[in-house]
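Colleague: I would like a close look at the side-chain interactions in this model. Please take the charged pairs, the aromatic rings, the threonines and the cysteines in one connected account.

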Amino acid sequence: MTFIFSIRQRSMIVLSPDSLNEIYARHPDWYPAIANPQSAPVFIDGLADIMAQFDLILLDSYGVLCRGSTPIAGAAEAIQQLRANNIPFCVVSNDTLTNRSVAAEKYQSRGFDFTADEVLTSLDITEQYLQGLTNRNRIGVIAPLEHPSNHLLEGMVRLNGCNGEIPENIDTLLFLTGAGWTAKMQENMVTTANGRQFELLVGNPDIGAPHGDHVTATPGYFIADLVEQTIQKAKPVLFGKPDPAIFSMAIKQHQITDPSRVLMVGDTLYTDILGGNAMGFKTLLLQCGVYQNEDIMEVIASTGISPHYVAPRL
């Protein structure tokens with residue numbers, strides 16, 4: 001089975017919202033169990049309608065604050081409303097090109113005045129794991145040669161530099177970021193993985209993320225493609241949403257004791273909403289991300305995953 005639905009400029013794999021959800025749905029054992037609200041979602045105009053109910057607001061990045069590097073209309077103003085009302089918030093993103101050391105500068109270039117403490121990414125969670133490693137030379141990593149975690153990737157085989165081909169000594173694959181990863185590299189990885197089994201690690205579990213007018217493939221897509229084409233048996237270790245580790249770190253830092261007083265705001269049902277519901281948070285699904293221009297109630301019905309609230313944008 002091949003997952004490639006459209007390739008643009010030989011490097012960008014573009015997914016439809018339906019194909020995105022279909023890939024997630026084929027691997028339910030990778031994710032937390034569905035824990036939906038007891039009632040149907042409430043449609044609201046935006047975060048301002050409900051923010052006073054919560055002690056902490058968690059915000060996805062891509063599809064909530066921006067599409068690619070372009071800010072979404074109204075997002076910066078919503079952040080200022082949170083500040084004006086003294087409501088704590090934290091960006092909780094599966095971005096594996098950004099950690100806290102570079103987050104503030106990156107978001108400031110997009111019009112957001114975040115401090116480093118207001119951003120938590122799956123790269124931060126991944127780096128915690130990498131810091132404990134003693135043997136790196138059997139790990140192949142998908143990541144561009146210039147990366148914020150380069151000091152922790154030393155000794156690993158950089159598959160981007162091998163055109164995706166996996167050397168014989170590699171028994172673990174780390175899917176860190178899709179930046180610079182091409183369809184040809186993916187094809188070569190699958191070919192050289194046939195007949196072999198690997199431990200699988202995923203820094204960014206997202207199947208796709210909004211980029212301009214499209215949803216483009218991200219590391220969750222590449223690992224799903226590998227697993228299905230080469231019949232991998234290992235369950236991937238996830239370092240980002242919907243795995244609870246990143247949520248748990250955020251609420252610990254903000255000393256939250258009642259998870260029902262936390263709101264997770266996201267644009268993707270299988271990561272933001274599924275993960276937030278499983279933590280006992282309230283959840284708000286925005287329609288300005290991967291499901292832009294989709295019938296949102298049809299999408300909710302087809303996935304079986306439901307938020308507490310739905311809004312057009314932040």
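Modeller: What follows goes through the side-chain interactions group by group. Please keep in mind that the model is predicted.

I begin with the charged pairs. The structure holds nine salt bridges, and three of them are described here in turn. One joins the side chains of Glu 228 and Arg 26, with 2.9 Å from N to O. This pair links distant parts of the chain, 202 residues apart. Glu 228 belongs to helix 7, residues 219-230, while Arg 26 sits in the loop between helix 1 (17-25) and strand 3 (42-43). Glu 228 has a relative accessible area of 22% and is partly exposed. Arg 26 also counts as partly exposed, at 37% relative accessibility. The cut-off for buried is under 20% and that for exposed is over 50%, so a value in between is called partly exposed.

A second salt bridge is formed by the side chains of Lys 106 and Asp 95, at 2.8 Å from N to O. The two residues are 11 residues apart, with Lys 106 in helix 3 (residues 103-108) and Asp 95 in the loop between strand 7 (89-93) and helix 3. Lys 106 has a relative accessible area of 18%, so this residue is buried. Asp 95 is buried as well, with a value of 7%.

The third is between the side chains of Asp 272 and Lys 241, where N and O are 2.7 Å from each other. Here too the pair links distant parts of the chain, 31 residues apart. Asp 272 is in helix 9, residues 269-279, and Lys 241 is in the loop between strand 15 (237-238) and helix 8 (244-253). Both Asp 272 and Lys 241 are buried. The pair is part of a network: salt bridges that share partners join Asp 60, Lys 241 and Asp 272.

Next to Asp 272 in the sequence is Thr 271, which has its place in helix 9. Thr 271 counts as buried because its relative accessibility is 1%. Leaving aside residues up to four places away in sequence, Thr 271 touches Tyr 24, Asp 206, Lys 241, Pro 242, Phe 247 and Gly 276. Lys 241, one of these contacts, is the residue that bridges to Asp 272. Tyr 24, another of them, leads on to the rings.

The count of aromatic pairs comes to 10. One of these is formed by Trp 30 and Tyr 31, whose ring centres are 6.3 Å from each other, with 65° between the planes. The pair is edge-to-face. Trp 30 is buried, at a relative accessible area of 9%, and Tyr 31 is buried at 9% too. In the pair of Tyr 221 and Phe 222, the ring centres are 5.3 Å apart and the planes stand at 90°, so this pair is edge-to-face. Both Tyr 221 and Phe 222 are buried. Ring pairs also build a cluster that links Tyr 24, Trp 30, Tyr 31 and Tyr 270.

Helix 7, already named for Glu 228, also holds Thr 230. Thr 230 is buried, with a relative accessible area of 6%. A polar atom of its side chain lies 2.6 Å from the backbone oxygen of Leu 226. The side chain of Thr 230 also makes a polar contact, at 3.0 Å, with the side chain of Gln 232. Not counting residues up to four places away in sequence, Thr 230 touches Val 190, Ala 193, Asn 194 and Gln 197.

The cysteines come last. A disulfide is a covalent bond between the sulfur atoms of two cysteines. A search of the whole structure finds zero disulfides. For Cys 66, the closest cysteine sulfur is that of Cys 288, 10 Å away, which is too far for a bond. The cut-off is 2.5 Å between the sulfur atoms, so a pair beyond it is not counted as a disulfide. Cys 66 is buried, with a relative accessible area of 0%. Cys 288 is likewise in no disulfide, and its nearest cysteine sulfur is that of Cys 66. Cys 288 is buried too, with a relative accessible area of 7%.

Terms used
Residues are numbered from 1 along each chain as its sequence is written. This is a predicted model: local features need pLDDT of at least 70, side-chain atom pairs count only at pLDDT 80 or more; totals for chains, interfaces and linings use all residues. Side-chain values use heavy atoms; hydrogens and water are left out. A salt bridge is a side-chain nitrogen of Lys or Arg within 4 Å of a carboxyl oxygen of Asp or Glu. Helices (H or I, at least four residues) and strands (E, at least two) are DSSP runs, numbered from the N terminus. Buried means under 20% relative accessible area, exposed over 50%, partly exposed in between (1.4 Å probe, protein chains only). Rings of Phe, Tyr and Trp (its six-membered ring) pair if their centres lie within 6.5 Å; planes under 30 degrees apart count as stacked, over 60 as edge-to-face and the rest as tilted. A polar contact is a pair of N or O atoms within 3.5 Å; within protein, one must be able to donate a hydrogen and the other to accept it, and residues adjacent in sequence count only if both atoms are side-chain atoms. Contact means heavy atoms within 4.5 Å.
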